[in-house]
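Reader: I have a new chain open on my screen and would like to talk through how its parts pack together. Could we start with a pair of helices and work outwards from there?

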Amino acid sequence: MGLNVGVVGATGAVGRNMLSILNERNVNIKSLRCFASERTAGHLLEWKGKEITVELLTEEVMKESFDYLLFSAGGSVSEKYAAIAAEAGNTVIDNSSTWRMKEGIPLVVPEVNPHVLKNYKGIIANPNCSTIQMVVALAPLQQKYGIKRIVVSTYQAVSGSGHKAIVELGNQLNDPDSIPKVYPKRIAGNCLPHIDVFNENGYTKEELKMVYETQKILEDDTIEVNATTVRVPVFYSHSESVTVTFHRKPDLNEARELLIQAPGVVVMDDPANLEYPTPLMAAGKDDTFVGRLRSDLFDPFTLSMWVVSDNLRKGAATNAVQILEKIEEQKL
Ligand code: A2P
């Protein structure tokens, strides 16, 4: 017994993490197949000491039978091939933004809303990386105090733009004259308040993802979210400054205790001893780290915190694998 799993986009930054995480978490796999474009079809990937040949993604292959297909090959690939795979009866866990806001498609963070997976078959959407870590930290507080409004600023790593962006930052750090290709401006030594395209209302698509995905996952479309998303010259892990106003007055110590008890959250909050999360420290880990928890100086209904998590792992690959695990667990 074991699962037939396919990873679409297996040679990319998230896809490679999916392969490692399936191995690390010892998912019971009978057959693992890897798919990508012509660029890398035929390449070999190592998995559990064996070599897997990367296969070209085609419509025919998506119609074959899989227990799970994990997609991370961009929106247009998901739009076409995830639909074909689901139509053929396969369960797809998709990391792109294509399906997230579609009616009837579950948008899942297993620590927060696993109930939406019950008895579901088809396409399941993995949320945006910045949204995932924020809702992991906010869900326990939402349950207790009810969230009215969130103001969030992000400090997002270049790995969120894929492998080519990791290479671009590396090149720019070594060569000040290196021409930007992935980003519109130099990223080394810089901050770009521009992730994904600008919408006519002045917000970027990334910022709007944080608004609507948060409302969908927390199942409350009255939650107000004001997001500013910023790309920073960090390789791995996104950081977020989150200020949240509640309907009921929070108690700081109780909120801290709720976060300590929350699944997937690690509280690192002892500024006097220089204990607070940083992206370097969070990289390669699966938890969401929370620090700098404090009460607003003026509004007793408002708390602020600093939230850090590895965007390729909990923000993408780990969350996708946890969805698979949760579905399997619910079958027992
Ligand atoms: P490939 O490496 O063959 O181009 P990243 O986010 O790091 O840029 O990775 C994107 C992933 O999506 C890679 O594995 C890439 O494969 C894959 N990919 C991109 N476009 C396609 C496509 N049209 N068909 C299949 N896989 C694709």
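Author: Gladly, and please keep in mind that this is a predicted model. In helix H1, the residues Val14, Asn17, Met18, Ile21, Leu22 and Glu24 make contact with Arg313, Ala316, Ala317, Thr318, Ala320, Val321 and Leu324 of helix H9. Sorted by character, the residues of this contact between H1 and H9 comprise nine nonpolar, two polar and two charged.

Reader: At what angle do H1 and H9 pack, and how far apart are their axes?

Author: H1, which covers residues 13-24, and H9, which covers residues 313-331, pack at an angle of about 45°, and their axes are 9 Å apart. The two helices are therefore oblique to each other, and the crossing of H1 and H9 is right-handed.

Reader: Does H9 do anything besides that, I mean, which strands does H9 touch?

Author: Let me first describe the sheet concerned, which is an open one built from six strands in the order E5-E2-E1-E6-E7-E8, with parallel pairing. Strand E5 (55-56) and strand E8 (123-125) are at the edges with a single partner strand each, so one side of each has no neighbour in the sheet. Within this sheet, strand E1 (residues 3-8) and strand E2 (residues 29-36) run parallel and are joined by six bridges, and valine 8 has phenylalanine 35 in E2 as its bridge partner. As for H9, this helix packs on the sheet and touches E1, E6, E7 and E8, with a direction that makes about 160° with that of E6.

Reader: And H3, which strands does H3 lie across?

Author: Helix H3 (residues 75-87) lies across E1, strand E6 (68-71), strand E7 (91-94) and E8, and runs at about 175° to E6.

Reader: Changing topic, how is the chain divided into domains?

Author: The domain assignment gives domain 1 as 3-126 + 316-331 and domain 2 as 130-311. The centres of domain 1 and domain 2, taken over C-alpha atoms, are separated by 25 Å, and the contact takes 18 residues from domain 1 and 20 residues from domain 2.

Reader: Let's look at the other sheet, then. What is the strand order in the one that includes E9, and is the pairing parallel, antiparallel or mixed?

Author: That open sheet has six strands in the order E10-E9-E11-E14-E13-E12, and the pairing is mixed. Its edge strands are E10 (224-231) and E12 (265-267), each of which pairs on one side only. On average, neighbouring strands of this sheet are turned by 20° against each other, with direction ignored.

Reader: How many bridges join E9 to E11?

Author: Eight bridges join strand E9 (residues 147-156) to strand E11 (residues 238-246), and the two run antiparallel. Isoleucine 150, for instance, stands opposite valine 244 in E11. Helix H6 (residues 205-217) packs on the sheet as well, where it touches E9, E10 and E11, and its direction makes about 145° with that of E10.

Reader: One last pair: how do H4 and H7 cross?

Author: The axes of helix H4 (residues 129-145) and helix H7 (residues 252-261) come within 9 Å and cross at roughly 130°, which makes H4 oblique to H7. H4 passes H7 in a right-handed crossing.

Reader: Which residues meet there?

Author: From H4, Ala137, Pro140, Leu141, Lys144 and Tyr145 meet Glu254, Ala255, Leu258 and Leu259 in H7. The residues of this contact of H4 with H7 divide into seven nonpolar, no polar and two charged.

Technical notes. Residues are numbered from 1 along each chain as its sequence is written. This is a predicted model: local features need pLDDT of at least 70, side-chain atom pairs count only at pLDDT 80 or more; totals for chains, interfaces and linings use all residues. Side-chain values use heavy atoms; hydrogens and water are left out. Axes are lines fitted to C-alpha atoms, for helices over the stretch in contact, and angles run from 0 to 180 degrees between N-to-C directions. Helices (H or I, at least four residues) and strands (E, at least two) are DSSP runs, numbered from the N terminus. Angles under 35 degrees count as roughly parallel, over 145 as roughly antiparallel, 65 to 115 as roughly perpendicular and the rest as oblique. A crossing is left-handed if the near helix is turned anticlockwise from the far one by less than a right angle, and right-handed if clockwise. Contact means heavy atoms within 4.5 Å. Ala, Val, Leu, Ile, Met, Phe, Trp, Tyr, Cys and Pro count as nonpolar, Asp, Glu, Lys and Arg as charged, and the others, Gly among them, as polar. Two strands pair if DSSP finds at least two bridges between them. Domain bounds come from an automatic or database domain assignment.
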